[in-house]
Amino acid sequence: MEYLLTNTEWFLNWGRKSSIWYLLFASACCGIELMQAGGPRTDLDRFGAVPRATPRQADLLIVAGTITYKMAERVRLLYEQMAEPRYVIAMGSCANCGGLFQGSYSVLKGVDKIVPVDIYLPGCPPRPEALADAILKLQQKMSAEKWLRNLRA
Amino acid sequence: MTFNELSERLRTKFGDAAAPSAEGAPQAVTVPGPAIEQVARFCKEDPELDLNALSCLAGVDRKDRIELVYHLLSYRKGHELVLKAALDRAKPEIPTVESVWKTANWHERECFDLLGVNFLGHSDLRRILLPDDWVGYPLRKDYVAPTEYHGMSSTRVNPLQQPDAPADGKRSELKDLSQLKSLYGPVAGEMIVNMGPQHPSTHGVLNFLLVTDGEVMHKAVPHIGYLHRGMEKMAESISYPGYMPFTDRLDYLAAMSANQGYAMAVEKLLGCAVPPRGEYLRVLACELNRIASHLVATGSMAMDIGAFTPFLHWLREREYINDIMEELSGSRLTYNYMRIGGVAHDLPEGMADKILRWMDHFEPIIGEFDRLISNNEIFVQRLANVAVVSAEDAVDFGLVGPNLRASAVPWDLRRNMPYSAYADFQFDIPLGQGFRGTAGDCYDRFVVRVLEMRESCRILRQALAKMPAGDIRTKLPKRIKVPPGETYARVEAPRGEMGFYLISDGQETPYRLKVRTGSFTAMSIIEKLSHGVMIADLVAIIGSLDVVAPEVDR
Amino acid sequence: MSEFGFGLVNVVMFLLLALLFVFGTLLFGRFVRPRRPAAEKNSVYECGERPIGKAWFNFNPRFYIVALIFVAFDVEIAFTFPVAAVFSAWVQSGRAMFAYAELAGFLLILIVGLAYVWRKGDLDWLKRLDHDIEVIEAEREHGIPADKH
């Protein structure tokens, strides 16, 4: 039984990690690098990652760009509207910790104040290859998840 | 007309009420607050002054008073004028000039939002950049930023300084979303839909409240401020050389132009000149950036219409430019290439040949793009005759750059107010002429950008051919104290005039920096253009105006 | 088993397999996927903002009119199919003109209906009353700009 569960879980995780659909959410400069990462040279599509416009169909929220207080509640709402299992990559310094705008009155100092972050990706902006690396690390994280066994137990 | 002639003309009309400002350069005419509307109207309507555009409306907290500075420009005559009005700091009030220049509507809302100035007679004075329930006016000198907003704290534990503090980011700060309310209450009989901050077609985090009847809209009300990062306030606490990376983020697609505008403003106050090679390198960088920016603008316009392929082709071309920029400046997107007094790095070995070879490859591709999309009948039908902006409206609403030129107003800062080394180059200014529809429609704005890419290639070739030898930057000390004064420097960014109004009081940090961007005013015209238009056309309009969120919100 | 019987079983098995593919995977997913409904998750998605007003309100009747016209003409097409199926048999039995006249009469009645609907402007998405069109033409002659409407 354990053997069956582990292998099914491996198979399902393989399916999930090979088709991470990310929400098209681009706030600032990192959004342009996100676009370029989806573009011809660093093609995120080869990892199975395609952009979706609605959080209902998305597995991954890449917070690309500075989040201000005005935007923060909307980001949280978007995150809540995604269906589990859902992941967040905080892309760029501004999403990690407020970045360049630490001294600003209207910038949220890090998106992990509002959503739980799985991968922190430093850079200003991070290169598209770095974003591809973040997606690969997320794939590693996904393949190590033991959710099916927990479901049974 | 020179400043003396302009101020003389104002004095003959208004007497001592419009006197040249007692403080030094730049020259400004001081007007008492209540008289501003008549003076403004005279400035616009008088055939000699003909100051038909309000470039910038800046509010400055001078500690004992609040000063409003109006930068006026005449597109037909080419001269400019600065009006200043001093307001009582305890109760700052001034009549609105919205009836004179329609663009003042949004500028005054911003001034109200950030400084608390009450504009008497304004049709819709409410906050524009900050959330509606924000308390306080950030640009005032005595402003204290709140420690938290809706439960989200404004500080972050620095693990290097406080290694024993508990780790931040427990997602405990935003407990629930009960404070997130709808932007409007329901209105009977109409459907109100948010084309909200997260949308593939709004270029960045912008929100449009669509009041629609099915597919046809009654109006689309823009809401901005989702990316307001307080750049202007931060400039007051960051040193002059240290602010350069921030200017990159003002418009990340046109980072070189923003760099140049800021550097020019500081150089004007310092009285420091840039060596010829530095100027040529600046032109080179700006024109390459212009091509890259127009690639994104036209490509995303095509994508919004529904054609995904040209966008990917354009992204491929943009990657080549990114490679060139990376070799030149070290970064792909936010370059931080220019310094006060010149540029940071010289052209590497073999770079000039590389750029020339890339242009040999790129110029035929513009033709390929034309064959791919520009003459596609569906594309033309979607864009021609949609959202026609007349020349008068374009000037009144403060449109600049390709948007203005597409409405057949022949104004390009590189030609009409040459700065840097642009006077040395031969290039044409493409104007909208109703290529497939009416002058000033979405198709014209698209074609003007494609043609500008060709012109940029011409400038690049000339710049590479005539590049002088020598220093790339004037030697300046690492810590700069800029002598007191104020200036307004303009550059022709890909999205239009980017103006930097810089006030210095002799310290190492600016006293006030106001940035005037093209996208801010381009957003303000969308509501007017959206009456009776279909939602799909609104997408075309936003794409054709080439709005980027950081320019709108700063 | 007869030829027909074998073909029938073939089709039935094929249908069963198709149903199994679809509903089997859905059933498998139902047991395997997480199910955590939450208040915010079930809220309406409107680009990150809260929706304004209700979704149930009075729609413009032109949606109804277009749908009604569509149904009428779709039924017309549906009724011409059986005629097409047996038309060659009627031709062979020598009553081609009769069948043709029947069909033509049926179609003609409906074409008159189409012409009426077209002329009345019910097919235009943005319908203007005749009175409004006259007003607009008159104003255009007198130079009042069109965006005053």
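**Exercise 1.** How far apart do the C-alpha centres of domain 1 of chain B and domain 2 of chain B lie?

*Solution.* The model is predicted. Start with the bounds: chain B is divided into domain 1 (3–120) and domain 2 (275–468 + 521–553). Their C-alpha centres lie 32 Å apart. Next, take the contact between them. Domain 1 of chain B gives 10 residues and domain 2 of chain B gives 9 residues. On the domain 1 side, strand 3 (53–61) and helix 3 (104–115) of chain B each supply at least two residues. By class, that side has 5 nonpolar, 4 polar and 1 charged residues.

**Exercise 2.** Describe the side of chain B that touches chain A.

*Solution.* Count residues: 45 come from chain B and 46 from chain A. Then assign elements of chain B. Helix 4 (231–235), helix 5 (244–248) and helix 8 (309–329) each supply at least two residues. Helix 8 of chain B has the largest share, 4 residues. Finally, sort by class: 23 nonpolar, 12 polar and 10 charged residues make up the chain B side.

**Exercise 3.** Which residues touch the most other members of the largest nonpolar core, and why does this core lie between domain 1 and domain 2 of chain B?

*Solution.* The core holds 220 residues, and Leu61(A), Val63(A) and Met91(A) touch the most other members. Helix 7 (residues 276–305) of chain B gives the most, with 15 residues. Domain 1 and domain 2 of chain B both contribute residues, so the core lies between them. Now inspect one hub. Beyond neighbours within four places in sequence, Met91(A) is in contact with residues including Cys30(A), Leu34(A), Val63(A) and Leu131(A).

Conventions. Residues are numbered from 1 along each chain as its sequence is written. Chains are lettered from A and ligands numbered from 1 in the order in which they are written. This is a predicted model: local features need pLDDT of at least 70, side-chain atom pairs count only at pLDDT 80 or more; totals for chains, interfaces and linings use all residues. Two residues are in contact if their C-beta atoms, placed from the backbone, lie within 7 Å. Ala, Val, Leu, Ile, Met, Phe, Trp, Tyr, Cys and Pro count as nonpolar, Asp, Glu, Lys and Arg as charged, and the others, Gly among them, as polar. Domain bounds come from an automatic or database domain assignment. A nonpolar core is a set of buried Ala, Val, Leu, Ile, Met, Phe, Trp, Tyr and Cys residues joined through C-beta atoms within 7 Å. A residue is buried if 20 or more other C-beta atoms lie within 10 Å of its own, exposed if 12 or fewer, and partly exposed in between; C-beta atoms are placed from the backbone.
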